[in-house]
Amino acid sequence: MPVVVVAEELAPAAIDVLAADFEVRTIDGTDRAALLAALTDAEALVVRSATRVDAEVLAGAPRLKVVARAGVGLDNVDVAAATARGVMVANAPTSNIVSAAEQAVALLLAVARHTASASAALKRGEWQRSRYTGVELQGKTVGVVGLGRIGVLFAQRMAAFGTRLIAYDPYLQPARAAQLGVRLVGLDELLRESDFVSLHLPRTPETVGLIGEKELAHVKPGVRIVNAARGGLVDEEALAAALADGRVAGAGLDVFATEPTTRSPLFGFDTVVVTPHLGASTAEAQDKAGLAVARSVKLALQGEFVPDAVNVQAGGVVDEDVRPLLGLAERLGKVFTAVAGGIAANVTVEVRGEIVSHDVAVLKLAATKGLFASVVEERVTYVNAPQLAAARGVDVSLEVDRALDDPHNLVTVRGALPDGRSVSVAGTLGSRGARKLTRLDEFDLELDAGGVLLFLRYSDRPGMIGRIGTLLGEAGVNIAGMQVARREAGGEALMVLLLDSSVDAELLSAVAGAIDSPRASIVDLRDE
């Protein structure tokens, strides 16, 4: 059974999912020696935030196919090094979004009503109601900085309090914001108008220090600021100064520029509520993250497309209608390379039919994976297929066309070879999702795209089928299916045989010689 190394605590339900199909080894990922020893024959590694997955770890795991992070961030995983080795990296991007949004709401409410300081005072024996007079949310303006998935959830929850919502997000269209009941504004306007500001952005070079001394100088007096997204978005020194002079009435922080930390200029203010990065620290979020990465590991080790892979050059989630075509496109790429006898400089993946109403970019990726599956020494994955194409100067493009006379969707892989020949192979999905080859160059076919396929070009004349059958039979190779196509009697013909076992180079040469075939090729499309 494939080995999956779990380097940090994972939800029991996730362990059960993995253990059903794989050998699960649980180790302490912070023990470097133990980690390296465990990965020598592992095909998957599951981590959280404490295990460092760098180039050394990846180099020591020759069979590794996927690194799965049970959480959102990937600061502890060298994604570039993994990509170079063809190792998929996946995370659980939606596992904690509800928990994170609720944490921001909790901090905002705690700041508005002095919950933490009032609680601490009462536990010290102090009953001071007048000291902790707060403010209501109803009728206030809440500024949301970043309307991504978490920002949207936060805004929806704030709307229930009867607030007026404005947002800053340069990557969101105003029409989409309007659908959410939010008015888009510039950052300066948001800071001038907001009674509460909540940040929901990733940490990038552009967002670090987004709210600094300059911005805090222009906030609405008495504003309260919440950051449950990423540390460093708010300049902590500048925020402390704004709190000290009263421009900012309070702050709620779950994240800090340096973590872990127990020292900050913000910790001395009673009006500041702080928590140690608890945004994803709910039982539900941990269960969701564990189950999400368990599913990603299963898909990766089965050779399927992983929607949550971060280093795969395709769209995000693959539509359920598109998913069945992934295997077809990959097989068409394999057939193309086999019948071409080499790699074309330019390859076009054409997708036709109703399916193009969905995002089909992933089909180009699947076909590219198939193109190189049998011509390079390294294992070809969804991750490194584009790199292999670029390194060999192969330009793979995608064309889509909704028009199709036949009601089925059609995928075609075609390209021109250095010797001037052009090759084209097409296929579709038949009944119950069966993958079908429908055309090779100018020859129409109706053949299952599975098993071992032997392609023979020859001059049409009597006796050819008998010769081939005799040779294969004597070699103990059973013919499971066959189709013969020709353009005209006595002209060029194509014979495609579906075999139960593969054919070695010597037998392939003998078969080709028996019918004077100038081009004979074989491709193994059996599932691994």
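**Stop 1: helix 1 and helix 12**

Select residues 12-19, which are helix 1, and residues 283-301, which are helix 12. Helices here are DSSP runs of H or I with at least four residues, strands are runs of E with at least two, and both are numbered from the N terminus. The two axes come within 8 Å and cross at roughly 15 degrees, so helix 1 and helix 12 are roughly parallel to each other. Angles under 35 degrees count as roughly parallel, over 145 as roughly antiparallel, 65 to 115 as roughly perpendicular and the rest as oblique. The axes are lines fitted to C-alpha atoms, for helices over the stretch in contact, and the angles run from 0 to 180 degrees between N-to-C directions.

Before moving on, keep in mind that this is a predicted model, where local features need pLDDT of at least 70 and side-chain atom pairs count only at pLDDT 80 or more, while totals for chains, interfaces and linings use all residues. Residues are numbered from 1 along each chain as its sequence is written, and side-chain values use heavy atoms, with hydrogens and water left out.

Helix 1 passes helix 12 in a right-handed crossing, meaning that the near helix is turned clockwise from the far one by less than a right angle (anticlockwise would be left-handed). Now show the side chains: helix 1 brings Ala13, Ala14, Val17 and Leu18 to the contact, and helix 12 brings Gly290, Leu291, Ala294, Val297 and Lys298. Contact means heavy atoms within 4.5 Å. Sorted by class, that makes seven nonpolar, one polar and one charged residues. Here Ala, Val, Leu, Ile, Met, Phe, Trp, Tyr, Cys and Pro count as nonpolar, Asp, Glu, Lys and Arg as charged, and the others, Gly among them, as polar.

**Stop 2: the five-stranded sheet**

Keep helix 12 on screen and add strand 1, strand 3, strand 4 (66-69) and strand 5: helix 12 lies across these strands, running at about 170 degrees to strand 4. They belong to an open sheet of five strands in the order 2-1-3-4-5, with parallel pairing. Its edges are strand 2 (23-26) and strand 5 (88-90), each pairing on one side only. From one strand to the next, the twist averages 20 degrees. Two strands count as paired if DSSP finds at least two bridges between them.

Zoom in on strand 1 (residues 3-6) and strand 3 (residues 44-47), which run parallel and are joined by three bridges. Which residue of strand 3 is the bridge partner of Val4? Pick Ala44.

**Stop 3: Ala92**

Go to the loop between strand 5 and helix 5 (97-112) and select Ala92. Is Ala92 buried or exposed? With 1% relative accessibility, Ala92 counts as buried (buried is under 20% relative accessible area, exposed over 50%, partly exposed in between, with a 1.4 Å probe and protein chains only). Leaving out residues up to four places away in sequence, Ala92 touches Arg69, Gly71, Val72, Ala289, Ala292 and Val293. Try a C-alpha to C-alpha distance to Gly290: Ala92 is 8.1 Å from Gly290 in space, though 198 residues apart in sequence.

**Stop 4: strand 10**

Select residues 223-227, strand 10, where five of the five residues are buried. Val223, Ile225 and Asn227 sit on one side, Arg224 and Val226 on the other, and both faces are covered. Strand 9 (residues 196-199) runs parallel to strand 10 and is joined to it by four bridges, with Val197 opposite Ile225. Strand 11 (residues 248-253) also pairs with strand 10 in the parallel sense, over five bridges, and there Val226 stands opposite Gly252.

**Stop 5: the six-stranded sheet**

Next is an open sheet of six strands in the order 14-13-15-16-17-18, with mixed pairing. Strand 14 (395-401) and strand 18 (443-448) stand at the edges with a single partner strand each, so one side of each has no neighbour in the sheet. Look at strand 15 (residues 410-416) and strand 16 (residues 422-429): they pair in the antiparallel sense over six bridges, and Arg414 has Ser424 as its bridge partner.

Now add helix 13 (residues 324-340), which lies across strand 13 (346-352), strand 15, strand 16 and strand 17 (435-440) at about 155 degrees to strand 16. Helix 14 (residues 361-372) lies across strand 13, strand 14 and strand 15, at about 140 degrees to strand 14.

**Stop 6: helix 16 and helix 17**

Finish with residues 464-474 and 505-514, helix 16 and helix 17, packed at about 160 degrees with axes 9 Å apart. They are therefore roughly antiparallel to each other. The contact is made by Arg467, Ile468, Leu471 and Leu472 of helix 16 and Leu507, Ala510, Val511 and Ala514 of helix 17.
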